[in-house]
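Welcome, and please open your viewer. We will go from stop to stop, selecting a few residues each time and looking at what is there.

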Amino acid sequence: MLGTEDFLPVPVPESLNATYLVPVPNLPEVSPATALDAIAERLVEPIRSLARQMLDSPLLTVDTRLVEEFPPLPRDLLTAFGAAEEQLERLDAARYVVVVQAEFRPGWPPAHEWGARAVAAAIATAVGAEIVDVFALRFLDPETALRSLPNEQGRIRLVDWVLVPYSPQGDTLWFTTKGLRRFGLMELQAQGVPDGLARAWGAVMTGAARRLLRHWSEALGEEDVPPFAQLPMVTAVTGHDIAVAYGNPRRHVGTAPVRLRLELDPATDPDGESFLSLLPPEGHLGAPARYFAEACAALFGGEESTVAHAEPDDEMDQAIATARASLPSIRNRFLNGRLPDETQLVVKYALETVDGPEFVWMGVTSWATPERLTGASASDAACDPAVRIGAPVAVSAEDVVDWALLDATGVVEGGWTQAVLDAAQQAQPER
């Protein structure tokens, strides 16, 4: 049983606010209620009733203002969060802005966000405009905004509400979330993440956000809002957490949970933001960078250190030949930024030993010449103590026997040799 020392008290705000803008060149000729009625069939319950009830109450307001009456939006941040030049041009051309604002108590459901986004999407649909999510500083088309609302099962994709940006911090990366404050929870951060784990750790952060948001909602309950919520100091993130956060609960990877330690990191600047820091659990040996790599390897298919020395056979030879033949193509896509969003390129390569080759995986960070790849190891090598998870690795293309693209739910392309090994393992009789 957990004691009080196993929980972290996190302050709870008294109320939460959501603000959405609909920039328009002319005064809209439709009322918010009429606009909401027009899309009512596209909203599932209880969102349909929730949006209507909030619109009819003081909890949600809709005002139309001249653009100059609203504080200017930071163009640099809009661009950083994906705004296209034509979207910024339409924003500049707008004479009016419809301001949709809502307020509600912390807890689940986040009625302020769901109600305000539904009403803003209705107005934007009616006038043929886009929405600006003021919290995230992102443009949303009405269709995207409507799809982000809960479905018939009451589920959302957390990635539609919480972003995971990162920035350089010396030789490593600093990750934060941007979106948990919508729900009253402090944002998360992780520092010292190896550069080669950018995509993989972003997915882990998203899964951690989903897990902690569940703890948060359960701690708040449905009664009066407490001044503090107790969150567990140590939590586990699984492949299922990540898959659900990306909206694919039936497809998840990772056989073991990733345990993370939570620590409150209050801002030293009165105007700064406090974070909940994700750290390796107590007792972990080695630098944090190694733990981040181990966590990603556990969830996204890094092999165990006791790698078997594969015996040659026709199926494996064909798998290797297929992977090798497509190396020029995947390198070209990697260099030209044509890999699918939120995917990471990994390669399997051979280390020669007296007992035959040992095969390990590496996350690719650079492939400047066809003959040489560099990155971070995703496996521990039994034959070479220098090859450890997270360690920098340089590999000759001649030694590469397979490649794969990974996203938050596993292998989305490639992985031919691994498929052969998996099939052989499944074909073995149970003992």
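Which elements each supply at least two residues of the lining of the largest cavity? Select helix α7 (residues 198–220) and strand β18 (400–407), for these are the two that do. Before you zoom in, please keep in mind that this is a predicted model.

**Stop 1: the cavity**

The structure holds 1 cavity of 30 Å³ or more. About 70 Å³ of space lies inside the largest cavity. To find the spot, select Arg199, Ala200, Glu342, Leu406 and Asp407, which lie nearest its centre among the 10 lining residues. Helix α7 gives the most to this lining, with 3 residues. Colour the lining by residue type and you will get 6 nonpolar, 1 polar and 3 charged residues.

**Stop 2: from α7 to α8**

Stay with helix α7 and select Arg210, then add Asp241. The two form a salt bridge, with their closest N and O atoms 2.5 Å apart. Asp241 sits in helix α8 (residues 239–245) and Arg210 in α7, so to speak two distant parts of the chain, 31 residues apart, are linked here. Are these two residues buried or exposed? Both Asp241 and Arg210 are buried.

**Stop 3: more charged pairs**

Side chains of opposite charge can pair when their charged atoms come close. The count for this model comes to 18 salt bridges. For another one, select Asp37 and Arg52, whose side chains meet at 2.4 Å, N to O. This pair also links distant parts of the chain, since Asp37 belongs to helix α1 (residues 32–38) and Arg52 to helix α2 (residues 47–55), 15 residues apart. Arg52 counts as partly exposed because its relative accessibility is 24%.

Next, select Glu113, Arg117, Asp133 and Arg182 together. These four are linked in a network of salt bridges.

**Stop 4: along helix α9**

Now select residues 288–299, which make up helix α9. How far apart are the end C-alpha atoms of α9? They are 17 Å apart, which agrees with the 16 Å that 12 residues should span at 1.5 Å a residue.

Show the side chains of Glu294 and Arg290. They form a salt bridge whose closest N and O atoms are 2.9 Å apart. Glu294 and Arg290 are separated by about one helical turn, because they are 4 residues apart in the helix. Glu294 is partly exposed, with a relative accessible area of 22%, and Arg290 is partly exposed too, at 25% relative accessibility. Then turn to the buried residues of α9: Tyr291, Phe292, Ala293, Ala295, Cys296, Ala297 and Leu299.

**Stop 5: strand β9 and its partners**

Finish by selecting residues 187–194, strand β9. Why is β9 largely enclosed by the rest of the structure? The reason is that 7 of its 8 residues are buried.

Add strand β8 (residues 172–176), which pairs with β9 in the antiparallel sense over 5 bridges. To see one place where they meet, pick Thr176, which stands opposite Gln189 in β9. Then add strand β13 (residues 275–279): 3 bridges join this strand to β9, and the two run parallel. Here, pick Glu187 and its bridge partner in β13, Phe275. As you rotate the view, remember that in a regular strand the side chains alternate between the two faces of the sheet.

Notes. Residues numbered from 1 in each chain as written. Predicted model: local features only at pLDDT ≥ 70, side-chain atom pairs only at ≥ 80, totals over all residues. Heavy atoms only, no water. Buried < 20%, exposed > 50% of the residue type's maximum accessible area, 1.4 Å probe, protein only. 1 Å grid on protein atoms, 1.4 Å probe; cavity = no way out; pocket = protein on both sides within 12 Å on 5 of 7 lines; lining within 4 Å. Points joined across faces, edges and corners; volume = space filled by probe spheres on them. Nonpolar A, V, L, I, M, F, W, Y, C, P; charged D, E, K, R; others polar. Pairing = 2+ DSSP bridges. Expected span 1.5 Å × (residues − 1).
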